[in-house]
Amino acid sequence: MKQLSIIYSRLPVWLQDLAVTAQGALYYRQRYGAAFRDEHALLKATELATPLQLELLQVARVRKMLFHASQHVPYYQSRIPKSSWERLRAGDWSSFYELPITEKASLRLDSESFLDQTSSRSRWIEWNTSGTTGSPLNLYYEPEAVSRQYAYVERYREQAGVSRFERRAQFTGKMIVSGDHSSRYWRYDWANRALLLSSVHLNPSTIPQYLKALREFQPAYLSGYPSAIALLARHALRFPQQRLPIKSILTSAETLLPEQREAMEAAFGAKVYDQYGQTEMQSFWSECRYRRMHAHPLFGVTEILRPDGSHCLPGETGDVVLTGLLNRAMPLLRYRIGDRASWSDEDRCPCGRRMPIVERIDGRREDYLYTTQRGWVGRMDPALKGVNGILECQFVQEELHRIRVLLVPTADFSDRDRSILTNNLKDRLGSKIQLDFEIIAQIPRGPGGKFRAVVSRISDPSFEQQEMEEFA
Ligand SMILES: [Zn+2]
């Protein structure tokens with residue numbers, strides 16, 4: 001794998017396009033086979049199913065997965081009493097909620113024990129996660145699970161008015177461009193009609209080149225990291241002649257902030273559809289055109305739990321615990337993903353779907369700043385209200401009483417903006433906090449090329465880096 005990437009990095013750009021296209025053709029075959037077609041047909045047929053119908057379908061999948069895990073997966077062989085799945089088979093759903101929670105640390109500690117011991121591993125698709133805490137983790141998927149997963153991606157695209165047959169421009173954290181400088185920061189995947197743009201190289205000085213490439217490519221939709229598309233949008237808002245005609249924007253892999261959504265929708269005149277998933281293949285949540293985030297019950301069981309393990313009521317924030325229902329190679333049952341969220345109190349959506357609606361995703365503890373006056377403070381984007389001339393901003397906390405504010409300004413950024421920002425921040429974080437502003441050319445990206453609005457180094461150091469997968 002590593003050798004391949006060294007070879008790739010030495011190829012001329014046009015050959016890299018060919019390599020990306022060849023890889024894309026392989027992905028296309030993996031994704032859109034028979035299992036994709038079956039699942040896609042099922043999703044279309046059950047889109048407007050009642051909650052009871054959806055629950056029956058979900059229970060059937062849970063039962064199968066539990067039986068499989070209890071028979072073939074060492075970690076669960078000892079942890080699922082036979083009585084549990086037998087009670088579930090008899091229709092007693094409560095036995096599922098009595099299963100112990102699987103913590104991320106257990107998976108990190110002994111990932112081998114989570115693998116199906118009976119299936120042929122040569123068929124599996126392997127995925128290496130980077131993670132910030134050192135030890136990389138290998139995840140394994142059945143090819144059919146990947147294929148089924150893409151049925152959800154395709155329905156998500158279709159709800160946004162596009163499909164896999166249309167041109168897409170995707171902002172990716174994958175290292176498709178090596179080094180800091182290149183003649184261009186994008187590559188073509190002709191097998192998937194996709195322009196892949198490096199989010200890592202996107203900065204104020206390269207933005208015009210990216211916009212030119214997008215205008216030439218004429219994508220039907222944009223997809224990928226919201227931070228990258230929002231950065232482009234803020235630039236496009238300042239130079240309206242550089243806008244793009246596109247149908248929709250599909251964001252994933254990072255927390256989407258309200259301000260980012262606003263900028264993208266204003267700049268491109270297209271609706272943003274956000275999606276939430278993770279490399280562990282545990283859930284698929286996606287927004288409909290009414291901006292409700294639906295948690296798809298056939299992809300996984302979503303629970304939101306209080307500290308005592310009981311279920312949160314609508315509007316109450318708790319830990320997200322997921323049970324993936326697609327991937328039998330590496331089943332994870334009641335897996336605490338590390339994100340926090342709350343349920344909506346709406347039980348039906350104007351779109352007609354009756355799947356549960358997630359109201360808010362609060363992200364991880366490390367997305368929060370901590371001050372002695374205010375405690376944990378998340379969502380720093382409201383502090384930018386009324387402040388002009390900022391392309392990007394990041395808050396870095398390394399000490400309890402001091403926060404570094406990294407700013408990428410435009411030419412319009414003034415002393416007045418700086419003082420408005422200071423006041424907003426003191427309102428939010430308390431007056432005693434020391435704020436050090438640093439003007440820089442580009443905000444450094446984290447693992448996988450992801451943007452983080454907050455970098456906290458004072459939270460629990462054992463906290464795992466959460467990885468989410470980029471789709472669409
Ligand atoms: Zn809806």
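Biologist: Let's start at the metal site: is H294 buried or exposed?

Modeller: Happy to, and do keep in mind that this is a predicted model. A residue counts as buried under 20% relative accessible area. H294 has a relative accessible area of 4%, so H294 is buried.

Biologist: Which protein atoms are the donors of the zinc ion?

Modeller: The donors of the zinc ion lie 2.1 to 2.3 Å from it. Along the chain they follow the spacing C-x5-H-x54-C-x1-C. With that pattern in hand, the atoms are C288 (SG), H294 (NE2), C349 (SG) and C351 (SG).

Biologist: What is the geometry of the zinc ion's site?

Modeller: For four donors to count as tetrahedral, all angles must lie between 85 and 135 degrees. The angles among the four donor atoms here are 102 to 118 degrees. As a reference, the ideal angle for four tetrahedral donors is 109.5 degrees. The site of the zinc ion is therefore tetrahedral.

Biologist: And C288, what is its relative accessible area?

Modeller: C288 gives its SG atom to the zinc ion. C288 is classed as buried, because its relative accessible area is 2%.

Biologist: Where does R291 lie, and what is its phi?

Modeller: R291 is in the loop between β9 (285-287) and β10 (293-295). At a relative accessible area of 44%, R291 is partly exposed. Most residues other than glycine have a negative phi. R291 is not a glycine, yet its phi is positive, at about 65 degrees.

Biologist: Which other non-glycine residue, in the loop between α10 and β6 (221-224), has a positive phi?

Modeller: The residue in that loop is exposed, with a relative accessible area of 61%. Its phi is near 55 degrees, and the residue is Q218.

Biologist: Which residues does R167 touch, leaving out those up to four places away in sequence?

Modeller: R167 sits in the loop between α9 (143-159) and β3 (168-172). R167 is partly exposed, because its relative accessibility is 35%. Its contacts are W190, R193, F217, Q218, P219, A220 and Y221.

Biologist: Which backbone oxygen lies 2.9 Å from a polar atom of the R167 side chain?

Modeller: F217 is among the residues that R167 touches. The 2.9 Å pair joins a polar side-chain atom of R167 to the backbone oxygen of F217.

Biologist: Is T206 buried or exposed, and which backbone oxygen lies 2.9 Å from its side chain?

Modeller: T206 is in the loop between β5 (194-198) and α10 (207-217). T206 counts as buried because its relative accessibility is 6%. Leaving aside neighbours within four places in sequence, T206 is in contact with Y185 and H201. The backbone oxygen 2.9 Å from a polar atom of the T206 side chain belongs to H201.

Biologist: How is T50 placed, and how many Å separate its C-alpha atom from that of H235?

Modeller: T50 is in the loop between α3 (34-46) and α4 (51-72). T50 is partly exposed, with a relative accessible area of 36%. T50 and H235 are 185 residues apart along the chain, and their C-alpha atoms are separated by 44 Å.

Biologist: To finish with the whole chain, how much area do domain 1 and domain 2 bury between them?

Modeller: The chain is divided into domain 1 (32-166 + 220-363) and domain 2 (368-456). The contact takes 17 residues from domain 1 and 16 residues from domain 2. Carbon and sulfur atoms carry 53% of the buried area, which comes to about 1400 Å².

Note on methods. Residues numbered from 1 in each chain as written. Predicted model: local features only at pLDDT ≥ 70, side-chain atom pairs only at ≥ 80, totals over all residues. Heavy atoms only, no water. Helix = DSSP H or I, 4+ residues; strand = E, 2+ residues; numbered from the N terminus. Buried < 20%, exposed > 50% of the residue type's maximum accessible area, 1.4 Å probe, protein only. Polar contact = N/O pair within 3.5 Å; in protein donor to acceptor, adjacent residues only side chain to side chain. Contact = heavy atoms within 4.5 Å. Donors = N, O, S within 2.8 Å, 3.2 Å for Na, K, Ca; no water. Tetrahedral: all angles 85-135°; square planar, octahedral: opposite > 155°, others 65-115°. Domains from an automatic or database assignment. Buried area = accessible area lost by both parts, 1.4 Å probe.
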